[in-house]
Amino acid sequence: MTLDLVRLDDRLVHGQVVVGWGQALAASLVIVMDDRVRQSEWEQELYRMGMPPHMSLEFASVEEAVAAVPRWLCSSQKTLLLTGDVDSLVRLVEGAPAIRRVNVGGLHQQPDRRQRLRYLYLSETEAEQLRRLAERGVEVSVQDVPTARPIPFREIP
Amino acid sequence: MTGFEVAALLAWGTVVGLDLVSVPQAMISRPLVAATVAGLLLGDPVSGVTVGMMLELFALEVLPVGAARYPDYGPASVASAVVAAGGDPLRAIGLAAAIGLVVAYVGEFTILEVRRRNSRAVARYREGLASGDPVTIRAFHRAGLMRDAARALLLTAAGLALAALPRAWPPLTPRIATLLDAVVIGAGLSAAISGTLRGTGTMVGLRWFAIGLAAGIAVVVLR
Amino acid sequence: MKKGMMLSWLRLFAVQSSWNYERMAAIGTARALEPMLRDLPGGRDGARYHEALGRSVGFFNSHPYLIGVAVGAIAKAEHEGVPAAQIERLKAALTSSLGSMGDRLIWAGTLPFASGIGLALAATTPWYVGPAVFLLFYNLVHLALRTWGLQAGWRDGARVARALGAPLLRVGLSLAGPMAALAVGLAIPLVATWLGTGVSPLLHTAIFGVAAVGLTLALWLAPALGGLRFGLVMAAVALGLGTLWP
């Protein structure tokens with residue numbers, strides 16, 4: 001399969017993703033899946049500025065992503081999908097059960113969230129959602145950069 | 001070392017320790033600069049720059065991307081320069097660099113500790129921050145700077161203590177010393193190459209790296 | 001020049017001093033932004049000033065040299081009275097794009113390039129040339145970026161994507177990585193030759209052997225080990241071997 005990384009990271013396209021993961025996986029296509037950014041031209045333009053020339057960037061709503069997963073899976077282009085919130089991730093995996101593996105990269109602090117790892121803050125609801133995903137047999141692993149050790153989600157406090 | 005030299009090295013170590021993350025990030029903390037200046041303070045800049053080159057190879061591996069963790073080579077360079085100074089710059093460079101590596105490695109954890117303390121401090125300042133009080137913002141920010149300054153000073157002091165050890169111990173036999181030189185140089189070269197290739201994108205980077213390498217070998221052969 | 005801009009520029013040099021996992025560089029960014037908010041309607045006692053500061057201390061991160069772009073853009077947006085929710089979206093998009101640009105332009109580009117040139121010179125010229133050229137070239141880029149960033153951010157505000165698309169910056173971004181690889185490639189044989197002259201010829205094979213093992217580990221077998229830890233392990237092994245068979 002060539003949907004090489006499905007990543008939860010609320011900074012979306014940033015250095016760890018482009019320099020770290022993009023180069024480790026030799027990805028050439030990055031999908032930002034976010035319903036609001038999909039609607040906003042000026043935000044898309046800013047996100048595009050962060051992309052290196054050898055990677056292309058596309059924007060998708062969750063619905064569009066679900067529909068496109070079969071196409072990404074059989075395309076020859078190495079693809080990396082980013083989303084910034086747990087809800088979108090869960091909706092994607094529910095809609096496209098072919099996704100068997102997700103990477104939890106980083107969510108930052110918000111008032112209802114508790115710190116779990118140095119780069120991971122989750123509310124109880126979000127932790128529960130990810131736990132259920134893992135129980136359904138999806139491999140949920142937590143890892144910020146490719147050189148770090150992946151931690152299975154069930155080991156997260 | 002004289003008292004003045006110790007004080008100057010502590011001050012320089014603190015400055016370069018601060019430079020890495022806090023202020024001014026002018027990369028005077030890179031071993032190539034930090035170790036050379038430390039050597040200069042001890043009257044032996046050639047030993048300083050030589051051990052600085054050695055550590056710079058290791059520092060080329062570091063990609064200080066966002067929240068990633070990275071070693072602190074500034075105070076480490078000061079410790080290495082102390083070990084190297086006064087001797088033949090190309091002898092026992094392995095020992096000097098190895099001591100720097102230990103300090104850099106410890107430094108990585110001191111940075112994490114400062115960041116953890118900064119994170120805990122957020123709770124204490126939470127209300128003032130939320131209300132947009134400039135005095136709270138300044139106080140929080142200065143406290144962070146002070147923590148990093150204390151960290152850099154302590155790390156430099158620990159490094160200087162570590163650097164004094166080889167003088168207290170019986171000297172390495174020439175065979176051990178040169179073996180140590182060889183393995184540390186080898187490890188440094190692999191760190192520099194892998195770090196550069198990882199940072200610049202494997203395929204494109206590889207091509208340009210190969211061109212540079214060929215040019216470098218040509219210079220070595222023709223000189 | 002915009003009032004307060006000079007002070008903001010100076011504070012940008014310390015922007016990461018209170019870096020923490022919860023807010024990352026946000027509070028340093030707020031500190032750098034503060035002088036440019038003082039002339040909001042109502043002044044330093046006004047509600048606009050305090051609201052803007054209160055907004056700016058929430059999560060934010062970027063490359064330190066490019067945070068000025070965000071500081072300028074947010075200051076402009078605050079002066080223009082852009083709604084709070086939109087400023088939040090602007091910050092999120094800037095965290096992303098500025099971080100990625102800075103990492104490629106500086107950490108994976110200018111820095112290893114300057115370092116490679118500095119190393120090559122240090123191995124071939126008097127002791128002060130390599131470090132001096134490294135510092136001068138690197139900080140030329142560093143200072144230019146900080147200065148340009150703050151001004152561009154203030155000029156374009158939320159439409160700052162336009163400034164980030166500047167041709168010079170785009171050319172720099174596409175050249176930075178390849179030039180870094182070229183410079184380090186050039187430096188490697190020169191540095192290896194210079195450092196290796198202290199090692200007995202018999203052990204030159206040990207340098208290559210250790211380098212080959214280190215590369216194999218770093219690129220394929222154990223990328224998480226890291227060159228520093230590999231170096232420490234190898235140094236310990238060498239000391240151990242030397243002690244057992246003196």
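Seven strands of chain A build an open sheet with mixed pairing, in the order β3-β2-β4-β1-β5-β8-β9. The model is predicted. Chain B contributes a helix crossing between α1(B) and α6(B). Chains B and C share a contact that takes 91 residues from chain B and 89 residues from chain C.

**The sheet of chain A**

- The edge strands are β3 (56–60) and β9 (151–152) of chain A, and each of them pairs on one side only.
- In the strand order, β5(A) sits between β1(A) and β8(A).
- Helix α5 (residues 86–95) of chain A lies across four strands: β1, β2 (29–33), β4 (79–83) and β5 of chain A.
- Against β4(A), this helix runs at about 130°.

**Strand β5(A) and its neighbours**

- Strand β5(A) covers residues 101–106 and is mostly covered, with five of its six residues buried.
- On one side, β5(A) pairs with strand β1 (residues 3–9) of chain A in the parallel sense, over three bridges.
- Within β5(A), A:Val104 stands opposite A:Leu8.
- Strand β8 (residues 139–142) of chain A also runs parallel to β5(A), and four bridges join the two.
- A:Arg101 has A:Glu139 of β8(A) as its bridge partner.
- A:Ser141 in β8(A) stands opposite A:Asn103.

**The helix crossing in chain B**

- Helix α1 (residues 3–21) and helix α6 (residues 134–168) of chain B have axes that come within 8 Å and cross at roughly 130°.
- The two helices are therefore oblique to each other.
- The crossing of α1(B) past α6(B) is right-handed.
- From α1(B), the contact is made by B:Val6, B:Leu9, B:Leu10, B:Gly13, B:Thr14, B:Gly17, B:Leu18 and B:Val21.
- From α6(B), the contacting residues include B:Asp148, B:Ala149, B:Arg151, B:Ala152, B:Leu153 and B:Leu155. Among the others in α6(B) are B:Thr156, B:Ala157, B:Gly159 and B:Leu160.
- By class, this contact holds eleven nonpolar, five polar and two charged residues.

**Chain C against chain B**

- The contact draws 89 residues from chain C and 91 residues from chain B.
- On the chain C side, the elements giving two or more residues are α2 (26–33), α3 (47–56), α5 (84–122), α6 (129–156), α8 (167–196), α9 (204–221) and α10 (227–244) of chain C.
- Helix α8(C) supplies the largest share of that side, 18 residues.
- The chain C side has 56 nonpolar, 27 polar and six charged residues.

Key: Residues numbered from 1 in each chain as written. Chains lettered and ligands numbered in written order. Predicted model: local features only at pLDDT ≥ 70, side-chain atom pairs only at ≥ 80, totals over all residues. Axes fitted to C-alpha atoms, helices over the stretch in contact; angles between N-to-C directions. Parallel < 35°, antiparallel > 145°, perpendicular 65-115°, else oblique. Left-handed = near helix turned anticlockwise from the far one by under 90°. Contact = placed C-beta atoms within 7 Å. Nonpolar A, V, L, I, M, F, W, Y, C, P; charged D, E, K, R; others polar. Buried ≥ 20, exposed ≤ 12 C-beta atoms within 10 Å, placed from the backbone. Pairing = 2+ DSSP bridges.
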